[in-house]
Structures are given as structure tokens and as C-alpha cells.
Amino acid sequence: ADLQGRWNFDASNANDVSGMNRHGNAKKLFSPSEISGMKLWLDAADSSTISHSSNAVSQWNDKSGNGRHATTSLGSPTLNSTSGPNNKPVVEIRRAGGDDALSVGGTAFFAKEHYYVFRSVNANFDYYGGVLGHGGSSPGSRQSNYLFRSGQKYFHHDILPEGVSKNGIALGGNFSLGTINQFMILKLTNTDTNVGPHSNYRVGTVAEGFCASIDIAEIIAFSTSLSQEKANKIEGYLAHKWGLAGSLASSHPYKLGTPISSGSPSFIADTPFGNGKAVDLSDGHI
């Protein structure tokens with residue numbers, strides 16, 4: 001008589017079968033792959049995508065589905081399995097002892113909008129460099145998308161991105177990043193058609209010989225500028241995945257919760273008992 005609700009998931013839904021009609025709404029967690037125009041996705045938290053020998057990274061596989069895997073070209077980036085935000089892995093790029101970098105393979109593309117989770121190792125950038133860039137032996141005018149300013153916390157005045165947001169907050173001027181030796185969510189926008197598409201993108205440098213000491217947790221790049229709604233979802237996804245939600249502005253729509261998808265989480269066979277189903281909450285909630 002006191003039964004107030006019962007949800008057994010056997011029908012692959014979250015409906016209440018108690019007769020009280022307290023039906024649940026099963027929601028799948030948002031994934032960046034749902035947004036069209038993704039050209040590159042490198043995720044250090046996904047150990048299956050990184051090949052290494054004694055933590056010396058030889059390949060970082062692209063999760064975008066485009067096959068743009070990043071392989072060693074200069075130096076040897078290092079995988080650190082616990083030093084990232086939320087105690088997750090990161091790929092360490094270091095200038096000392098030679099410029100570390102990975103070459104992005106696959107077909108040419110134009111990364112117009114970049115999202116990074118990264119930090120500088122030092123309070124100021126220890127050299128000119130970047131997270132994802134392209135170019136030859138010199139950055140040149142605009143060919144590298146952007147360039148960190150050596151010894152500073154901002155971008156080089158000759159090669160500025162067109163737009164920058166840190167932790168969901170738009171920046172101006174020379175896009176000073178403030179505290180840079182703590183992990184941040186950085187969004188860069190570059191729509192200048194003179195700098196793409198390119199087949200020589202690199203991770204950890206914007207051009208050969210231009211490398212700053214940074215730790216990289218995740219890179220997501222799109223060929224288009226995203227709407228504010230989609231940008232918010234990417235930032236929210238990164239913030240909650242990497243434990244950086246506290247850094248988001250209080251007005252950010254995903255400050256308090258991770259973005260969700262229009263789909264439903266998986267309903268799986270309840271193996272321990274041989275019948276019925278269970279809901280897999282690793283990729284959603286009710």
C-alpha cells in the first residue's frame with residue numbers, strides 16, 4: 001500500500017510501473033562527436049588511443065573518425081598517467097632537451113575552432129609555441145594560427161587568434177590568459193581562409209623549433225565556428241570530465257551539470273540474474 005514508485009528498466013525505459021506514474025526520463029551524456037565539422041579529437045584520458053614505450057609517446061590516435069593520428073616527429077612527448085586534472089593522464093611537451101612534437105597525419109584540414117584542456121608548466125611561457133598549429137621552419141605571418149609569447153602569459157602580437165575564451169569567458173586585447181600554470185579550458189577561433197586547409201598540423205608546436213613547455217589533456221578541433229550553444233556544450237563536457245567545473249563562470253549553463261544528449265543511455269542484459277535488464281549509467285542518467 002505504501003509503494004510510491006518502481007522502475008525495473010526491463011522495457012528499456014525508465015517508466016514507473018508502480019501505478020503512481022512517476023516516470024523517469026533517461027538521458028544520455030553529451031559527446032563532442034555529436035557536433036558536425038569535427039576534424040581532430042585527441043584525448044589523453046583514453047589510454048587505448050596512446051602508444052608509448054616507457055611513457056615515451058610514439059602515437060596519439062584521433063577519435064574524430066578521420067584517421068588524423070598524431071605521430072612522433074620531433075623530440076619525444078611523455079605520457080604522465082596521473083598528473084592531469086582530475087588525476088587523469090596528460091601528454092607532456094617539454095622544450096628542454098629538444099622540441100617535443102607530434103605530427104598530425106591524414107588529409108589536409110582547416111582547424112577554425114580549437115578547444116584545449118592544457119596548462120603551461122611555468123608561470124610564463126618558456127618559449128614561443130602552441131598546442132595545435134602548423135607551419136614550416138618559421139611561424140611567419142598568420143600561417144601558424146597563433147603563437148604564445150615567450151616569457152609572457154599571452155599571445156604574440158604578430159600572430160593573434162581572432163577570438164579566445166578561457167573557461168567559458170571571452171577575452172580581449174592580446175588575450176592575456178592570467179594564471180597559466182593551472183589547467184584551463186581554452187577556446188581559439190581562427191576563420192582566416194589564408195591559413196588553411198593544411199596537412200602539416202602539429203601537436204605541441206606551431207612550427208618547427210617553436211615549442212613551449214606545456215601539458216596537454218585534450219584537443220578538439222572543428223572546421224567551422226560553433227554556435228554559442230554548441231560551444232557551451234563542448235566547454236561543459238570538458239569541464240566536468242576533467243574536474244574543472246569550478247573554473248567556469250557562474251553564469252555558464254553547464255556550471256552545475258554536464259550537458260546531455262537527446263538520446264538514451266544503454267539498457268543492458270542483467271547478467272547476474274539471467275533475466276531482465278539494467279541501465280548503464282556510465283554514459284547517462286535518469
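## Close-up views of a predicted model

The structure holds seven salt bridges. Keep in mind that this is a predicted model. Several of those charged pairs appear in the views below, along with a helix, a lysine without a partner and a spot before strand 1.

**View 1. Helix 1 sits largely enclosed by the rest of the structure.** Helix 1 covers residues 228-241, and at 1.5 Å a residue its 14 residues should span 20 Å. Its end C-alpha atoms are indeed 20 Å apart, so the expected and modelled spans agree. How many of the helix's residues are buried? It's 10 of the 14, which is why we can call the helix largely enclosed. The buried ones are Ala231, Asn232, Lys233, Ile234, Glu235, Gly236, Tyr237, Leu238, Ala239 and Lys241. And what covers them? The cover includes strand 2 (38-43), strand 9 (113-120), strand 11 (163-166), strand 13 (184-189) and strand 15 (214-222). Just past the end of the helix, look for Gly243, which takes a positive phi of about 70°.

**View 2. Lys187 is buried yet has no salt bridge.** You'll find this lysine in strand 13. Which side chain of opposite charge is nearest to Lys187? That's Glu113, and it is 4.2 Å away. A salt bridge needs the nitrogen and the carboxyl oxygen to be within 4 Å, so this pair doesn't make the list. Lys187 still has plenty to touch: leaving aside neighbours within four places in sequence, it is in contact with Glu113, His114, Tyr115, Gly163, Val164, Ser165, Ala231 and Glu235. Two of those names, Ala231 and Glu235, also turn up among the buried residues of helix 1.

**View 3. Asp43 forms a salt bridge with Lys63.** The closest N and O atoms of this pair are 3.0 Å apart. Asp43 lies in strand 2 and Lys63 in the loop between strand 4 (56-60) and strand 5 (70-74), so the bridge ties together parts that are 20 residues apart in sequence. Are the two partners buried or exposed? Asp43 counts as buried because its relative accessibility is 3%, while Lys63, at 29%, counts as partly exposed.

**View 4. Lys241 also forms a salt bridge with Asp43.** Here the closest N and O atoms are 2.6 Å apart. This pair links distant parts of the chain, with Lys241 in helix 1 and Asp43 in strand 2, 198 residues apart. Lys241 has a relative accessibility of 17%, so it counts as buried.

**View 5. Lys63 and Asp46 meet in a salt bridge too.** Their side chains come together at 3.4 Å, N to O. The link runs from the loop between strand 4 and strand 5, where Lys63 sits, to the loop between strand 2 and strand 3 (50-53), where Asp46 sits, and the two are 17 residues apart. Asp46 counts as partly exposed because its relative accessibility is 22%. Now step back: salt bridges that share partners join Asp43, Asp46, Lys63, Glu218 and Lys241 into one network.

**View 6. Asn25 lies in the segment before strand 1 (27-28).** Asn25 has a relative accessible area of 48%, so it is partly exposed. Its C-alpha atom is separated by 12 Å from that of Val279, a residue 254 places away along the chain. What does Asn25 touch, leaving aside its neighbours within four places in sequence? Its contacts are Ala14, His285 and Ile286.

Methods:
Residues numbered from 1 in each chain as written. Predicted model: local features only at pLDDT ≥ 70, side-chain atom pairs only at ≥ 80, totals over all residues. Heavy atoms only, no water. Helix = DSSP H or I, 4+ residues; strand = E, 2+ residues; numbered from the N terminus. Expected span 1.5 Å × (residues − 1). Buried < 20%, exposed > 50% of the residue type's maximum accessible area, 1.4 Å probe, protein only. Contact = heavy atoms within 4.5 Å. Lys, Arg positive; Asp, Glu negative; His and termini not counted.
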